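Biologist: I am new to this one, and I would like to know what stands behind the words people use for it. Could you show it to me and then let me ask?

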Amino acid sequence: MYLKASLKTSLARTFTRLGLVSLALPLTACNLVVMKPSGDIANQQAQLIVASTLLMLLIIVPVIILTLVFAFRYRAANTQATYSPEWDHSTRLELVIWGAPLLIIIALGAMTWISTHKLDPYRPLERLDAQRPIPVGVQPMTVEVVALDWKWLFIYPEQGIATVNELAAPVDRPIHFKISSSTVMNAFYVPAMAGMIYAMPGMQSQLNAVINKPGVYDGFSANFSGDGFSHMRFKFHGLSDDEFAAWVERNKADGVALTKELYLDLEKPSERAPVRRFASVAPGLFDAVVNRCVDGSKMCMGQMMAIDAAGGGGKGAIDGLASKPWSNEQKRIFVAALCTPDNAGQYASQWQASATRN
């Protein structure tokens, strides 16, 4: 009997240990970069998550403990417990039940209000990290980000280069990202650096961030955008100033010119796109992407909105517009441009016919 009981105890301990190990195995695949990032903005966001969780646990843990205590103390078998069927109110208990959650809600609300303004992605950085302000005279480096199907295009206007599916920046240098998309909504996300920011066609969003440690970090799209979404990933390199300068020179030496024609070809959907380098970029390419007029066949959104803001084209505006067919349906047209002295002759016959009709 003793041997049988000992064997059962041993087997129970073995299965318990195996169970604990099996529960821990999935955690070995977890990447805790969100809670241990390498950029100051992401680090502040991680601290906000921890603080919010601890505040909520101040209510959750006592409620769980008291639920178990009450269930045990007032079980049917406990005849020693106080039985008060007429009891219905306690001022002290009501103050605890409503007061503690109210205080925590107020604290969470204050944290949310402060962090919403402090961590606004559009707000320029005020520090490199908790111990270091931004040195006087240091300006943020601008990177223009375009979400394509299904790859990322990064344009460096100051360096005059561009890359596909590879991003690099100097350590401890503020970065100002301008983010847009060519076709559908995406989300630009480098967990080690900052939170995700949406990329939307015809719009420009922004992100101010900094990377504080050298290394190679994962970046990806955090918003489903079609078949190739799973492989819409890139590497972000945190480099020293000398390494970044060498990286720029390598792009200039190995790359080709990114013209608007090449961009239109690059814009076509493709999966698992390799890293590509461009030694130069067509002037105003990113603005043309945002305004959806890279091909030059239609008026840019910014021009159209400026005309609308000024009161529109006025009477006879239709005759003063150069229009083109949309696909094969001749009745559906889009505005190509306002007619100018340079192209007025091309539409002279159209104007004449219109005048005759009027």
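Biologist: Which helices each supply at least two residues of the lining of the largest pocket?

Modeller: Those are α2 (40-73) and α3 (91-118). Please keep in mind that this is a predicted model. The larger share of this picture belongs to α2, since the largest share of the lining, seven residues, comes from that helix. The volume of the largest pocket is about 320 Å³.

Biologist: Which residues line the largest pocket?

Modeller: Among them are Leu58, Ile59, Pro62, Val63, Leu66, Thr67 and Phe70. Leu93, Val96, Ile97, Ala100 and Pro101 also belong to the lining.

Biologist: How does the lining divide into nonpolar, polar and charged residues?

Modeller: There are 11 nonpolar residues, one polar and no charged. Leu, Ile, Val, Phe, Ala and Pro count as nonpolar, whereas Thr falls among the polar ones.

Biologist: Let us step back for a moment. How many helices and strands does the protein chain have?

Modeller: The protein chain has eight helices and 16 strands. Of its 358 residues, 33% count as buried. The chain exposes about 22,400 Å², and carbon and sulfur atoms supply 62% of that area. Among contacts with a separation of 6 or more, 63% are between residues 24 or more positions apart.

Biologist: Why is Leu119 called buried?

Modeller: Its relative accessible area is 15%, and buried means under 20%, so Leu119 is buried. You will find Leu119 in the loop between α3 and β1 (127-129).

Biologist: Which residues does Leu119 touch, leaving out those up to four places away in sequence?

Modeller: Leu119 touches Ile41, Gln44 and Gln45. A contact here requires heavy atoms within 4.5 Å. Leu119 can also be compared with Leu207: the two are 88 residues apart in sequence, and their C-alpha atoms are 10.0 Å apart in space.

Biologist: Leu207 brings us to strand β10. What makes β10 (residues 205-209) mostly covered?

Modeller: Five of its five residues are buried. Ser205, Leu207 and Ala209 point one way from β10, Gln206 and Asn208 point the other way, and all are buried.

Biologist: How do you know that strand β7 (residues 175-181) pairs with β10?

Modeller: Two strands pair if there are at least two bridges between them. Five bridges join β7 to β10, so the pair meets that cut-off. The two strands run antiparallel, and Lys178 stands opposite Gln206 in β10.

Biologist: Why is strand β6 (residues 166-170) described as largely enclosed by the rest of the structure?

Modeller: Five of the five residues of β6 are buried, so the strand is largely enclosed. Both faces are covered: Glu166, Ala168 and Pro170 lie on one side, Leu167 and Ala169 on the other, and all are buried.

Biologist: Which strand is joined to β6 by five bridges, and do they run parallel or antiparallel?

Modeller: That is β12 (residues 233-239), and the two run parallel. Ala169 stands opposite Gly238 in β12.

Biologist: What makes the backbone of Asn165 stand out?

Modeller: Asn165 has a positive phi of about 60° although it is not a glycine. Asn165 is in the loop between β5 (161-164) and β6. With a relative accessible area of 6%, set against the cut-off of under 20%, Asn165 is buried.

Biologist: And why is Asp172 called partly exposed?

Modeller: Its relative accessible area is 23%. Partly exposed lies between under 20% for buried and over 50% for exposed, so Asp172 is partly exposed. Asp172 is in the loop between β6 and β7, and has a positive phi of about 65° although it is not a glycine.

Biologist: How do you know that Val138 counts as partly exposed?

Modeller: Val138 has 31% relative accessibility, which falls between the two cut-offs, so the term is partly exposed. Val138 is in the loop between β2 (132-133) and β3. Not counting residues up to four places away in sequence, Val138 touches Arg173 and Pro174. The C-alpha atoms of Val138 and Arg173 are separated by 7.9 Å, with their places 35 residues apart along the chain.

Biologist: One last one: which peptide bond is cis?

Modeller: The bond from Asp149 to Trp150 is cis, with omega near -10°. Trp150 is in the loop between β3 (141-148) and β4 (151-156).

Definitions and conventions
Residues are numbered from 1 along each chain as its sequence is written. This is a predicted model: local features need pLDDT of at least 70, side-chain atom pairs count only at pLDDT 80 or more; totals for chains, interfaces and linings use all residues. Side-chain values use heavy atoms; hydrogens and water are left out. Buried means under 20% relative accessible area, exposed over 50%, partly exposed in between (1.4 Å probe, protein chains only). Helices (H or I, at least four residues) and strands (E, at least two) are DSSP runs, numbered from the N terminus. On a 1 Å grid over the protein atoms alone, a cavity is a set of points where a 1.4 Å probe fits but cannot get out, and a pocket is an open set with protein on both sides within 12 Å along at least five of seven lines; lining residues have an atom within 4 Å of a point. Grid points are joined across faces, edges and corners, and a volume is the space filled by probe spheres set on the points. Accessible areas come from the Shrake-Rupley method with a 1.4 Å probe; for residues, only the protein chains shown count as cover.
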